[in-house]
Amino acid sequence: MRNAREYNFDGLVGPSHNYAGLSFGNVASFSNVRSASNPRQAALQGLAKMRALAARGFAQAVMPPQARPNFRLLRSLGFSGTDADVLAQAWREAPVVLSCAWSAAPMWTANAATVSPSSDTRDGRVHFTAANLNNKLHRSEEHVQATRTLRAIFADHDHFVVHDTLPATPAFGDEGAANHTRFAADHGAPGVEFFVYGRVEFDPSAPAPKKYPARQTLEASQAVARLHGLDPVRTVFASQNPDVIDQGVFHNDVIAVGNGNVLFYHEQAFADEAATLEALRRAAGGIGFEFVPVRVDGGQVPVTDAVASYLFNSQLLSKPDGKMALVVPHECRENEAVARYLSGLVAGGGPIDELIEFDLRQSMRNGGGPACLRLRVALTDEQAAAMHGGVIMTEALYAQLVEWVEKHYRDRVEPKDLMDPQLAIECHAALEALERIIGLPGLYDFG
């Protein structure tokens, strides 16, 4: 066992943060379609969360935003001329496509990649596979910059491997860490990697949702496990309950969250709850730790309340005293059933004994809570020293980023602003400045 810490890489909200309602199956995103957003407030809310958790001693880092608008996407679809011409033509002829090119979704870095720490992989390196996100046009281009960013931060090949995405075909639909978690006695100990999928491409008889799309396939999960060199004995695959997908649970992290030896989950999360728990218990027992499920009954918290509050799209963090803290959005306090459940949870003597609450309304209105905003990366001290240090959250970096946001971000973006070439110029200038702040020149290929 090696000493290791879990670093949470939170997505820094970009200067074009907007509500386009592009994600069919994401109830919150659809509910706020085409309303005005506040990019400055969104970024400051996210930075406040990062700072507060870093101050508590949790390892915290920043994942830079992606460049928007995506002119490469627009030009590949036939829009031409100057940048201003491209925006105006897309606004007239294909406003939904224009919205896709301005998508704010990369802020949710849980979808950026799947990560396996070195204690789980055959070659003893940390493995990343950028998600192809091919279920949605507005997300299907994200992997290009996600891979570029991961390779810039984790550039040392002695310690890190950043794989290309899986083939961009429905058979290998991959949504990253939003459908993956890991259980272990300690972040540096060998663990059990847990992949949850929504459908099976090559078995039409397998359970599948009827209303909303299942974005993660079994085939994709299996391919990532092979790429990362995981031990099959310590790898568990489970089917998500198709009925909850049809209730707006578009990723597993909207209905379950794991950390350490604990799985915090809703009773309706999995297609076969008993078999899933038994497989996890057996795998954990094989490497000498006890798996602890924390089950939330539907009678206590209906799925609709879980989705509305994003109870399970929370972070579960290990504290020095061996207990865990649950990082929740304000919406959990505002939902009567969820608030009542959480009060009993922290007072109940179980592994979760603290709530940490944040105002993340700008992200929540677009369909992402605390868990969506972060990518978990377990690193040994040596690996942490080998990654690019300019993205690690400190008081100095926090102050620089707040000043940067206040200088470059608007406090209001409406749908009509997506045709404004000045907004594109402002976004470009902001990211050029960000490259200097975090010490990653050339991070962006503005094309």
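In the predicted model, Cys 372 is in contact with Met 107, Trp 108, Thr 109, Ala 110, Asp 253, Asn 313 and Gly 367, when neighbours within four places in sequence are set aside. Cys 372 occupies the loop between helix H14 (361-365) and strand S15 (374-380). Its relative accessibility is 3%, and Cys 372 therefore counts as buried, the cut-off being under 20%.

Cys 372 is one of the residues covered by the "active site" annotation in the unreviewed UniProt entry, together with Glu 175 and His 251. These residues are spread over 198 residues of sequence, yet they cluster in space, with a largest C-alpha distance of 11.4 Å.

His 251 is located in the loop that runs between helix H9 (242-245) and strand S9 (256-259). A relative accessible area of 1% places His 251 among buried residues. Apart from neighbours within four places in sequence, the contacts of His 251 comprise Asn 111, Glu 175, Ala 178, Asn 179, Arg 215 and Gln 240. Glu 175, a contact of His 251, is also covered by the annotation from the UniProt record.

A further histidine, His 159, was examined in the same terms. His 159 lies in the loop between helix H7 (142-153) and strand S5 (160-163). With a relative accessible area of 13%, His 159 is buried. Once neighbours within four places in sequence are excluded, His 159 is in contact with Arg 125, Val 126, Glu 382, Gln 383 and Ala 386.

Key. Residues are numbered from 1 along each chain as its sequence is written. This is a predicted model: local features need pLDDT of at least 70, side-chain atom pairs count only at pLDDT 80 or more; totals for chains, interfaces and linings use all residues. Side-chain values use heavy atoms; hydrogens and water are left out. UniProt positions are given in the numbering used here, feature names are shortened, and annotations may be inferred rather than shown by experiment. Helices (H or I, at least four residues) and strands (E, at least two) are DSSP runs, numbered from the N terminus. Buried means under 20% relative accessible area, exposed over 50%, partly exposed in between (1.4 Å probe, protein chains only). Contact means heavy atoms within 4.5 Å.
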